[in-house]
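Could you walk me through this structure in my viewer, one helix at a time? I would like to know what to select next and what is there.

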Amino acid sequence: MSYISKHLDENLGPAIQVKLLAVLVTAFLAGCSGGSGSAVVQNVDVAAGDSGSRSLVLSGPPPQSDDVQRFRLELWENIAPDNRCGQCHGAGGQSPTFARNDDINRAYEEVNALVNLNQPAQSRLVEKVGGGHNCWQASDQACADILTTWISNWAGGTVGSSTSIVLTAPPEIIPGASKSFPATAGVFATTVHPLLTTYCANCHVDDAAIPQSPFFATDDVEASYAAARSKIELDDPANSRLVVRLGSEFHNCWSNCVSNAAEMQTAIQTLVDSIPETEVSPELVTSRALTLLDGVVASGGGRNDASAIALYQFKTLTGNTAFDTSGVEPAMNLSFTGSVDWVGGYGIRFSAGSRAQASTSTSAKLHQLITATSEYSVEAWVAPANVTQEEAYIVSYSGGNSTRNFTLGQTLYSYDALVRFSATDGNGNPGLSTPDGDEVLQATLQHVVMTFDPTTGRQLFVNGARIDVADEVGGNLNDWDDTFAFVLGNEVSNNRQFQGVLRLVAIHNRALTPTQIVQNFDAGVGEQFMLLFGVSHLVDVPNAYIVFEVSQFDSYSYLFSQPFFYSLEQGALPSIIPLQGMRIGINGREPEVGQAYANLDVVLDASNYSVESGQPLSAIGTVLGIEKNPQSDEFFLTFERLGDATNVRVEGGIEPLPVSADAAPVSDIGIRIFDEINASMAAATGVPAANSDVFNTFTAVRQQLPSSNNIEGFLSSQQMGITQLAIEYCNVLIEDPALRSARFPGFDFSAAPGSAYAGANRSALLDPLLVSTLQNGAGPVATQPDVTLVRGELNSLIDRLVVTGNDATRTRTIAKAACASVLGSAAVLLQ
Amino acid sequence: MRRIVGSITLLLVLFVSTEIQAGPVEQAKRIHDRIAGVPPTVEILEQMANIIGSGSGSEVANAEQAALIAIDHPDFYRTTLKNLATPWTNRDFDIFAPLNDYSATVIGLVRDDRDFRELLTGDQLYVGSAATGGPVYSASNNDHYEYLEQQGLDLAAQLEPRSQTSLTGIPAAAAAGVLTSRAASRAFFIAGTNRAMFRFTLVNHLCRDLEQVADTSRPPDRVRQDITRSPGGDSRLFRNNCVGCHSGMDPMAQAFAYYNFEFDSDNDPTGENGRLAYNDVGVLDPDTMTRVVRKYHINQNNFPFGFVTPDDRWDNYWRTGRNRNLGWSSTLAGSGNGAKSLGEELANSEAFASCQVTKVFKTVCLRAPVDGADRAQLSAMTSSFVSSGYNLKQPFVESAAYCRGE
């Protein structure tokens, strides 16, 4: 065994380095600071909350040291009551007597063997209770988390931020053949699905009276398949949750639990038998294999929860209750209403019509503990489902739409803080929002903190950064109401739905300092592992590994990040070992999507290698899909080249471009579009398009004219625009002496209509007009309108318009009409 | 006036009959209509008809010969080419947008028989000559081009090439044809992340939107931090959709890392008076402390383990995988620095050539290709376009002959 020293962070990449440094700085500053931001030792109100008798009288000698005193305050007082550990492990009781009340110093000695102050979650106490040993809550996981919190508080606010991660050699596993879930339901539809829909549909469907996640009993077979996959063990059907729940946990069996479990197991076995094994391709150069659970826990703390009075980590992953694991009594557990789904990697997802709400009695602790300090923080790791929802309440302590103590909400791209205090009304208005234009809120996982203190008033922090909005108004909380209920994902009145995921929520009765907020942001959310992929069989370095930081990213993916090369052998160094094209394999094959290290091309060498932290390979991370579940998926690495081992990849043939299917025949002719119409009219009349009258009319009707040649899209409104333009062109042409005499040299525009259009005189108008619009030159153009027909129509038009008199104006008007009627017709429009 | 309008409608029904045998005159009329956008004069019509009817070559060759006459018409440049190019110059594909340095450069390149690949690589933009009067070219408004358009000037006679350095002030090495024009930068470098420049170039000049080239199998190592890997808490969306485009787009859009469109977002939100900016050697962005503009590093907490852009190095990940069939040039490296070499990569693809030809075909034939004969014609015209040295007049002439009517 070897270990990575406290300098590990320096070589794990800038992100980790900054994170750990921030934690250290925070710890140092916290120890020096005072005022409202300093750590607060919470007096635990053990009398409140839980029912049942308690006797907590400490006799014997006083604590011998400060540490014993901290043990007493943070852990012993919580576990010593006789409805907790004290019932059996008290004085004279069952060994070990760590909950004894006759001598706090001896209790301290006993408990020391049972706790791990560096990694509280690894404490024997936690493991025992988490394993089902006399948990006082409905969830063993909740008890374990609460115990972890108490031990963490004893150890001080910065446990888990240890800079030393001890790496241990994982088991030597050669990547093996494995079965993976097919992409679609397939055989599942005829094996497992019928059992689920027959026997589980009273609860495990989203439209049940009391919907119970996961919804694997829905009629939609693909949705059912997606939900049931995590409950099926392909490698060990008997160990599937679907079987265990019936056979061992007697969960709603429909007749006899043993036979029901056997029936379910048989169905799963049939499904498994239908899935072929995926063999690891022999030409692959592979590392050794690991599952997530073979990894070394890389985190589990680093948060500042010293003033947390309610904490939700959403670790239960089942049931209809989210447990308050702050350890501050009474536990403000949340009951789910509607479609609240558990999210892998810890979290809950809210869909339409859902919320998670505490009782008003337990919620009252917020009123009691926050009004005592007059300051508080609401902290959440939140992933909004979209950026289109408005008035969506994420975290709220309120009585309905119009009354509240505080609410953190979403409106489009903004977070909203509705805080009731002396400068706002009973609904927290006017509220404080992040600026719309900054689009601070994104539909991705974000760390959001809303703080309030009497001096500064409200502040919003997103991803560790304070959002600069003008609101320097302090005040008091004298008007707070203790009858409200604490609720997530909605308003208590159920009409302010937030859709999205919450992965952690904490309420603090202190305004977290910016440093503390950054600390909690850097600590992240969820559990992380260091996975050591053995490569000593490929390189001449003993105990050599490619190490990844891995976590469950959400319900559907793993996050692999920041790989580095490391040897557990003291003094072992790599020497010019090429590493190219690294890919991550899952269950015997390389997933096609997410191979972010496929382009990796580095040389492992002592010059790049640090004894403490190895050689970093990449600073980036990637997400890879969960195939079975985090307990069963087996990972390995492949390499195009590692040392002398190579696997040259050859791309297959080029996939030809798809050939379009024949389309229906379309018109061979089309309409001219706006500019073409304008230019055509200019050409036909000789009037320049830049003429101001024409230009103004064209500008006015331009967007009314056709913009597409498609003749089938021609509209009557377009014809009206064309008509206006045609009339304007003809108007300019006929009214301009130079233009009209050039175009119609033989026509007398000064004569009265009777003579101007008499007999052959009108040909001086019509002949040039038909030449310029129908191209009626040496002969007719067959694709144009028939010249004789057009001339006949024009003659009819002129005949109708000609009246007796001596008015040359009338003559020109008739000329314009004749001109425009041809210019705005199909003769000019079609091409 | 009402009576006049009523009379006009009488003539609107005078449409041509549908089954007309197209002789040389009719073919000449259509060729001119389709290329110049306006009907020919009787004299030009007769000239073209004579060539078609009694030329010395084949029917097609004669038709192509006649088409060359129509190409000389000012409205081929002022109307047809302008309307072809205008939708490329804005995000809405708005054909009504005014003339600008992007569309003017398209016109100029065609008029001068230039290699059309220079569209994405050249160091020139076309401006109106001094003789046109009116406002001169400005890097911070479009007045010059709007004046040229309003005057209805013969652009074929008035446009002149100028170096981009002399117009927008960017170094010659940073000039990438219309990609670095003011119009394109206003449309595609404004705000955002500069990915728009890549996407719209793909749409306009390779005739493919991102959905058509999405390939989820490419390594996502260059996808930036601002792209969440778990949209709304569901990473399946990223793995099945987002990554398909971003894995290829982000490493190529990195070419634009030093460009930005600077404008007053408060008083001029659409950038009417904004201008292209380029971080030359030694110019550091105050936020990134490199030449990379800030927009490449925004929203870094959306995925902290994403790619952090250090420079303008681009790589074409689509040279492997299914997008190999876009026909990338084997004589190019598939990587480089900056917009000019990326423009070269795109312009030398087979997809670029076939896209230009397809657009011209639609312009001239007024329809998309519909059958095997049309597709064969496109293929032949693409080869001809390439062998002509990427002269865009070539597909105009050939399309006009192909769609002349029978």
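How many of the twelve residues of α5(B) are buried? Ten of them are, so this helix is largely enclosed by the rest of the structure. Keep in mind as you go that this is a predicted model.

**First stop: α5(B).** Select residues 74–85 of chain B. Twelve residues at 1.5 Å each should span 16 Å, and the end C-alpha atoms are indeed 16 Å apart, which agrees. Now color the buried ones: B:D75, B:F76, B:Y77, B:R78, B:T79, B:T80, B:L81, B:K82, B:L84 and B:A85. To see what they pack against, show α2 (24–36), α4 (59–71), α6 (101–111), α8 (155–158) and α15 (350–365) of chain B, and add α14 (674–685) of chain A.

**Second stop: α11(A).** Move to chain A and select residues 257–273. The buried residues here are A:N260, A:A261, A:M264, A:A267, A:I268 and A:L271. Look down the axis of α11(A): these residues fall within an arc of 125 degrees, so they line one face of the helix. Their packing partners are α8 (192–199) and α10 (241–247) of chain A.

**Third stop: α20(A).** Select residues 787–801 of chain A. On this helix, A:V790, A:E793, A:L794, A:L797 and A:I798 are buried. They cover an arc of only 135 degrees around the axis, which puts them on the same side of α20(A). Then turn to the face pointing away from that buried side, where you will find the exposed residues A:T788, A:L789, A:G792, A:S796, A:D799 and A:R800.

How values were computed:
Residues are numbered from 1 along each chain as its sequence is written. Chains are lettered from A and ligands numbered from 1 in the order in which they are written. This is a predicted model: local features need pLDDT of at least 70, side-chain atom pairs count only at pLDDT 80 or more; totals for chains, interfaces and linings use all residues. Helices (H or I, at least four residues) and strands (E, at least two) are DSSP runs, numbered from the N terminus. The expected span of a helix is 1.5 Å times one less than its number of residues. A residue is buried if 20 or more other C-beta atoms lie within 10 Å of its own, exposed if 12 or fewer, and partly exposed in between; C-beta atoms are placed from the backbone. The arc is that of the directions from the helix axis to the C-beta atoms. Two residues are in contact if their C-beta atoms, placed from the backbone, lie within 7 Å.
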